[in-house]
Structures are given as C-alpha cells and as structure tokens.
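Please open the model in a viewer and keep the selection panel at hand. The stops below proceed from one selection to the next.

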Amino acid sequence: MINNNKSYLFKFAIPDSKKSLVVESGVKLHLTDFQRPTTQQPSNFVVKLRKHLKAKRLTNLKQVGDDRLVVFEFSDGMYYLVLEFFSGGNVILLDQDQKIMTLQRLVSEKENNEKYATGEFYNMFDAKKLFNDAPADHAIKSYSKEDTIQWLDTQDFKIEQAKKTGKTMKPYTIQKLLFVNAPHLSSDLIHIVLREKGIDPTSDSTLCRSEDSLAKLIESLVEAEIRLSELLTRKEDVDGYIVSKRNPIHDPSTEGSLEYIYDEFHPYEPTHKRSSDTQIKTIKGYNKTIDDFFTTIEVFKHSLKEQQQKVNAEKRLQSVKSENLEKIAKLTEAQLLNIQKGEVIMVYSDVVEQCKAAVQSLLDQQMDWNHIEKLIGVEKKRGNEIAKLINLPLNLLENKISLALPLVNFDESSEEEDESDSEDESDSEDSSSNDEQETKNKKQSSTKHSRKKDKTINVNIDLSLSAYANASTYFDAKKIAQDKLVKTEKNSELAIKSAESKINRDLKKQKKTESSQVNNSNAALRQIRDKFWFQKYFWFISSDGFLCVAGRDDQQFDHIYFKYFDNDNDFLVSNELEGALKVIVKNPFLNKDVAPNTFIQAGAFSLSTTKAWENKMVSSPWIVTGSSVSKRDVDGSALAPGLVNITTEKQFLPPCQMVMGFGMLWLGDKRTNDDYLSKSQSRTEELGLESVDVNAFKKKKIEELKTMIASLSKYEKELEKKQIQNDKEPSVDNAEEDSKSIVSSLEGLDINESQTQVKRGRRAKLKKIKQKYADQDEEDKLKRMELLGTLKQVQVQEDIERQPSKSNSTNTAQQSSSASKVQKKKLAELHQLRKLLGEFESPDDEEVVTELHYTQVLSTVISSPKKTDTIVDAVPVFAPWSSLNKLKYKVKVQPGNNKKGKSVTDVVEYFKKLTQQFAKDEEDWFDKEEIISTIGQQDLLMPITVSKLKVVFPGSQDKKGGSSSGKTKSKGKKN
C-alpha cells in the first residue's frame, strides 16, 4: 500500500460478495470497508504473491495455538501464507511441503532463531496437524494465594539485589505486579477489574500481604480470566470501544478543526478512561472498530498535520512580532533613560563639577589609579558626600567616571505643595500643637530624603567635558534613539508583512505538495460503496429517466430476464445483427408510457456491440412488448441461455446514429439523497403515477421459475440414470471388447487367396529375397528399413489404413462429450433458477425487495449537482450521446481505433482540466474533492460496451468536423 510499505491489501471475492483484507506486517490484520490506495508499481515480493495466489481459493484460516502466528491455506494445501505478528513481523509464502517460496524480509540464523530464506523449510507449525485437529477450548487458568505470595517474595528479592548493587528499584504497583505475572491478560482489563473490586491499581503492591488483600487479588485475576474466555469463545459480534482524547490545538473558529482525535481502542468498555477530556464511542463488531479506528486516523492525518502547520506558522509570526516589539520597547526605554540622565546632570551640575574636580585633582597629583579608587572608598566610609556619589571602579582608561545621582522625581512639586499647606495649618493652631507638627515635619523630611537616596541613576561623566556638555551628549543620544525608533517601527511593519507572506507561501506550498501527493497516489480513503444491482450488467438511464439494462453474456441476460423482467410492463429492444445486445427497458409505472426517445436510445445501445459500430453502419433496431417475450419454446421446453421466443411481430425503429458518450453520475450523502427522494415522491404523487405491484410481480416470477425448473429437471433425472447405467455396464463392455479383440486376431491369421497369388515374373525374385533374408528377424528388419529411410513411409501407410476406425471412435467420443457439456449447462442453469426461486420465496431477503424498488435508487442518482448538494461518490456511465444531455461531466464517443484503457485515461485527464475550468469560472458546483481521480481503472472500463473507440473532446474538431484524436492523416501531393 502507498502510505506504508509494510502494509498489503488482499482481495477475496465470491459471486455477489467481495472482501478486502488489510495486513500490516507485525502489527494488525482486519477486514476493511474502505478503498485502500495501492502503489502502481508493485514490489518483487508482491509480484511473486500475485503469481502464485491470484485466482486461488482460500480453503482454511487458523491461528497457531496462542502464538502470534496466522496461517492461510490456499487450494487445499497447495500454498500456505504465514503472517507473523512478533518481532519485526513477516509475511511468508510456503508451498505444499512448507518450503519457503518468497518472504517479506530475510531472517539470519541466531541463537534461538532459524534461518528464513527462499528454499528453507518453515518449521513453526505442522500443516497436517494444524488444519486437521479440532480447535482447542480456551482453558481458564486458576490462581492460589501461594502464587501471589511468591510473586511478592520475588519482587522483594529483586529490590534487595538492586540495593546491593547500588541501584534503586521501586516496587511494582498492584496492576503491574499482576500483569507481569499474568502477561496473557490485558493491562487495561486488569485495571478495570481491580477498580470494580475496590482496589486501587496504582497502590504499592508490597502493602498487599494481608489475607483480605490477597483474596481480592485472586478474585480479580479469576474475573479477568473469565472475561477473557467469554471474549474468545463468543460467537456473535463483539462490540468495540474507541477512546478519543481532546485535541490540544483545536480551534473552533477554524473550519475542519477536530475537537477530539482517536487515541486507542478496546474489546471491552474502558470505564477507567472516562474523563472530561475523553469520549468513548461504541461500534458494533470488533473488526469494524479496528477498521474505523485506523481508517479515521489515516483520513484525518493530513488535516491534523495541516492544523499543526498552521499552529507552528502562528508561533513563527508571533515570535517575529514579539521580537520587533521588544526592539521598539528597548529603543523607547533607552530614549527615556537618556532624557532622565541628561536632566539629572543639568539639575546636579554643581555636584557633577565637584566630583570631576575631586577626581581630576588626584589625577593631577599623578596618583596611581588603584590608590585613587582606594582613597575614594575610604572617603565613602568616612561619610564624604562627594565620594558617596562616585561609583567604583573608575573608568579612567577612557577618562570617564560613573556617578550615582539622585533621580529627578516629577512628583516632588506636589509633595512640596503638601508641605506648604501643612505649614499654613500649623501657623493657625496653638503653641501646643506646634511641637507635634515639627516632629511630624521632621519625620516627613527624613522619609523624603531617604526616598531620594534610594532612587538614584548612574550616569557616565567625561572628565574632559563640562556638566552641561555631558548632559548634551545624552540628549544627542536621545535624538539618535528617537530616529532609530522611527526607522525600527517602519522596518518592523515591513518585517511582519514579509514574515506573514513568507509563512503563507510556505503553507500553500506544503498544502499543494501534500494534496498533489494525495491525489497522485489516490491516498484519499473512501468507503467501499455497495454497487447497484444493475452495475453488474451493461446499463444506462435514458434522457426520460427510464432504466435500460442488458446482459454482458447469455447467462447474464437470462438472469436479468428471470429476476427483473416484467412481462406486463417492460420492453425488449434489440436488432438482427450478430452479437447484438438484448436491452430490457424497465417501466416502473402502470399508467405511464415509455417515451419513443428511450426506445431509440436503447436501440443504439444494442447496436454498439455489433459490426455496425466498427463499420459505422446504419441499422434499424426492433422493439417488442414484454408480454410477447418468453423463455419457453413452442413445445414447452426451456430455451438455451440468451435465446427468447417472440410471439408477435417485431416493430422496427428508425435507423440509429452511432454516437455514444461517456459521463459521470453523482451520489450524495444521506441528507442529499433524502432531499432528492422526497422531491421525486412528491412529483410522482402530483402526476398521479401508479407504481408496479412488487408482490404481484414476485408471484408471477415464482410461478414462471417453478415451470422452468420442472422442464429442466428431466436433464437431472437423465444424468442420474446414465450414472447408474455406467456403474452397472463396465463388466459387459469389457467382455464385448475381449471378444472383439479375439475375433480380430483370428481374422488376422486368415490368409486371403488373392494375397497369395503372385504376378508372373515376380515369383523367382521373391524366392531369391526369401533366401537372402531367411535368417533376418523382425528387429533387424526394422533397423535396416530405418537406415534406408523406408520405415516412415510404411508407418504413414499403416496410419492411413487405421484412420477410419480412429475417426469413428473420436466422433463417438466428441458426441458423448458434447452431450455431457449440454447436460452440465442445463444443470448449471437449473441450479441458478433454483437459487433465484429461493431468493424470491425468502420473506427476509431485503436485497430482492431493494432491487425491485430501483426507482428510489434512480431518484438519488444526480446528473448535475447543485451547490447545496454534498457529493460523496461518482458512477461512470457509457450510453447513447442523446441520453447524456443533462450531465455536467461528459464526452462524446465515436467509432475509432483507440483502445479503451488509453481512452479512459485521457477522459479522466480531461475531466480534471474541466474541474479547473469550472473553478476559474466560479461554477455553483464542481468536483472539488477530485472524486473522479479516486475511481479505479476497472470501474471506469466496466460500463463500456465497445472495444475500439475515438473520444471527441470539445474544441478538438477541425474545420471538416473531424476529431483531433486518433490516427494522423499522411500528407500527399495534389493531383
């Protein structure tokens, strides 16, 4: 398969039933209801499997004991296909002697492993014992208290041994202890049973040595064994459970975003997995559960990947935005900081000058720089206010010092106003309150000075510049930062736009690459749709909505006649040419006549398989009513397959034009089908149309089938009599043969007198020859004749003489074999009629009822979908061109020399281009999902009745009206 080179698709089929088996080597094995994409170029291993197993019958299927080994038997032991689900997995094809013919991967010989290679014997099972022995019952294992105590003691011993070696080993939880010692039980099943018994599965197992705890553990194990046995021995379908977890990257605003994604599946209800972030889905049938689980993961893998790519793209874009915002914030902060430093230097210019002078005086004294720093440090300890403002170490190498100046607070003015107000209030009060106010003011002033001391800012001062010159350097830096900020803001906008466009281009490129890979490999998984009953035959729907069906061969025509042909209401259309189709026109209504256009289209359809198509002949088909058509001859005997007895005169139609077409009909989902079905029913009620009574039709068919079975049953009786006679007569025949051989030998001994008479002149010559070859025996005679070259001539003459007797015997043998073939055909037809009779008489057979109500199916087949329709599948149809007028996707087909396969490929490519054109023109509906690309080649070829054709694409015709496809005309000189 395309998505995994270790996965293989096996297709099994019997009449009216097809099954697809998915095998992933070493992982899984299940039937699937979905179409799986396969590689166009198979591997050598797959080629060998196809060579040996194609068209072989699957006779048996069995698992080898409890091992992870499954064996398929083909053709009663001619081949064995072994599937290994242990280690790395393997797929091995064996012959009848269990010798390896081909295998997926080679296995080299090791300690306990045998060598797996072509020509080696496979000894993992004995085919005779495996398929002849009766299946063994699943034994329920019993457990005792001593077993659990031994498990705990073994665990304690391992912990002690780990301590001695210096390693730490944690004791097992109860769930892990039971799973390690009973590995055939599922860990989740043990967890569920322990919780039901009131035991915490995650608790420490070393605490379970009490009698009560040990008894509960044993009860849990026995309960798990019973549930496993019931699961393995249950005959009806086992319900499956799928656990879905919440998608962490789900975005409700994004279309197609998945809120929950599949996580795991179980054959029992996983009650321990229930939570607010999980959902549990129940599916009828464990095989369907596995199929739905893996198929859904495969389907939504691309959407989840695309969703993750979008999340990653948003993270990339957000990182670009945050990086630019961080740059802008840094520039803004640097701008404000430069303003503050310049203002502080201007406010404390005198202090700055004092600090400069102090350091400069020390430098003028040519003091060592280290001594200067030590001296400033000492002055700081002494409480020198100027020294406290100087930060150490000094940057004298660049002739700069760093000062810690008090930060200018813009709220100081408001604080001073508050102080003045408080002083005015204190003046109006008495003297007793003055002391309190003074103490309060002192506290406030001390708090203010401490706050000012705490808030300082470091500024770099150049000793060669004045205080105001140093301040101007900061103001200049502020201007530079401002200009850089403006440029950065502009550049950040461009950078964000550029990043957005680049991310969008990357997303589109990735999406296009993935979509092209999906489309080219047909990786879009679709559920396998049950084909309509008429798709087994040649069919089309006329422009007036009537179903026209024809058999691919004589047996299929008989099947259509006995099962679907209504003699009271249907019509038969065909023609007089050899190989013509017998087209049955179905009329589902009693009070509605079939339109003439339908008969003409059915006539053209019947001519498509004759020489009229290849030779572009114009011929007239004929039509008869169903009441004049019968499968019984004049004497009441059954006619041969494909033949009918027409009791009335044929009504010939006008000559039909040999122009066919290939198109696509569409199928919607349940909602769309319900809409079209309700509209069809309402239209039928408005017109007052009466449908054919299905029950009455079934009764007539049952009577007809019983009559035909009675007329054909005589062949079965004759064959039984002949077999009885053959069993009794062999001894008599042998005696007659013996007597005939004796008589022939005696006749050979008689000598005819005419033979003894010798012509004159020859007697002396014969006498000499007799004397010459008197001692020669028969062997010497043959050798001499061979050397002379006369032996072959004698043998040819003898063969000519024996020829009449041989020809008589071969004629009788051919007559007997032809008679037996006729009888076998009659018996096969009898078996088929009995099967049909059983289907009609069965009251529970829903398939027959559904097929007879085919008008509901025709109502849901859409020729040109609307914008509101949800299309899920497409049905290819090959029909007369006039019946395809309403189809949105169609091409004209005429007689030609091109093969069907190549023509169908060209048609699919044209439909893809047509889809692109519809998208450009913004049509209401077109094949957005590219469903046409997912249809298999075989499905596209099935409805085509002709072998050679020429596709006429719109716009490809030349001036004379011919088609550009087909053979090119050779250029010649003008006369």
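**Stop 1: a five-stranded sheet and its helix**

Select residues 79-84 and 90-94: these are strands β7 and β8, which run antiparallel and are joined by five bridges. The model displayed is a predicted one. Within this pair, display L81 and then L93 of β8, which stands opposite L81.

Extend the selection to the whole sheet. Five strands make up this open sheet, in the order β5-β6-β7-β8-β9, with antiparallel pairing. Which strands stand at the edges? They are β5 (58-63) and β9 (100-103); each has a single partner strand, so one side of each is left without a neighbour in the sheet. On average, and with direction ignored, neighbouring strands of this sheet are turned by 20 degrees against each other. In a regular strand, side chains alternate between the two faces of the sheet.

Next, add residues 44-53, helix α1. Helix α1 lies across β6 (69-74), β7, β8 and β9, and it runs at about 140 degrees to β9.

**Stop 2: two crossing helices**

Select residues 145-164, helix α3, together with residues 174-181, helix α4. How do their axes cross? The axes come within 11 Å and cross at roughly 105 degrees. An angle from 65 to 115 degrees counts as roughly perpendicular, and α3 and α4 are therefore roughly perpendicular to each other.

Show the side chains where the helices meet: W151, L152 and Q155 in α3, and L177, L178 and N181 in α4. The residues of this contact divide into four nonpolar and two polar, with no charged residue.

**Stop 3: a hairpin**

Move to residues 390-395, strand β13, and residues 400-406, strand β14. These strands pair in the antiparallel sense over three bridges. Display N391, which has S402 of β14 opposite. Four residues lie between the strands of this hairpin, and N399 takes a positive phi near 60 degrees.

**Stop 4: a six-stranded sheet**

Finally, select the strands of the open sheet with the order β17-β18-β20-β19-β21-β24, six strands with antiparallel pairing. At its edges stand β17 (538-541) and β24 (651-652); because each has a single partner strand, one side of each is left without a neighbour in the sheet.

Centre the view on β17 and on strand β18, residues 547-550. The two run antiparallel and are joined by four bridges. Which residue of β18 stands opposite W539? Select V549 to see the residue in that position.

Notes: Residues numbered from 1 in each chain as written. Predicted model: local features only at pLDDT ≥ 70, side-chain atom pairs only at ≥ 80, totals over all residues. Heavy atoms only, no water. Pairing = 2+ DSSP bridges. Axes fitted to C-alpha atoms, helices over the stretch in contact; angles between N-to-C directions. Parallel < 35°, antiparallel > 145°, perpendicular 65-115°, else oblique. Contact = heavy atoms within 4.5 Å. Nonpolar A, V, L, I, M, F, W, Y, C, P; charged D, E, K, R; others polar.
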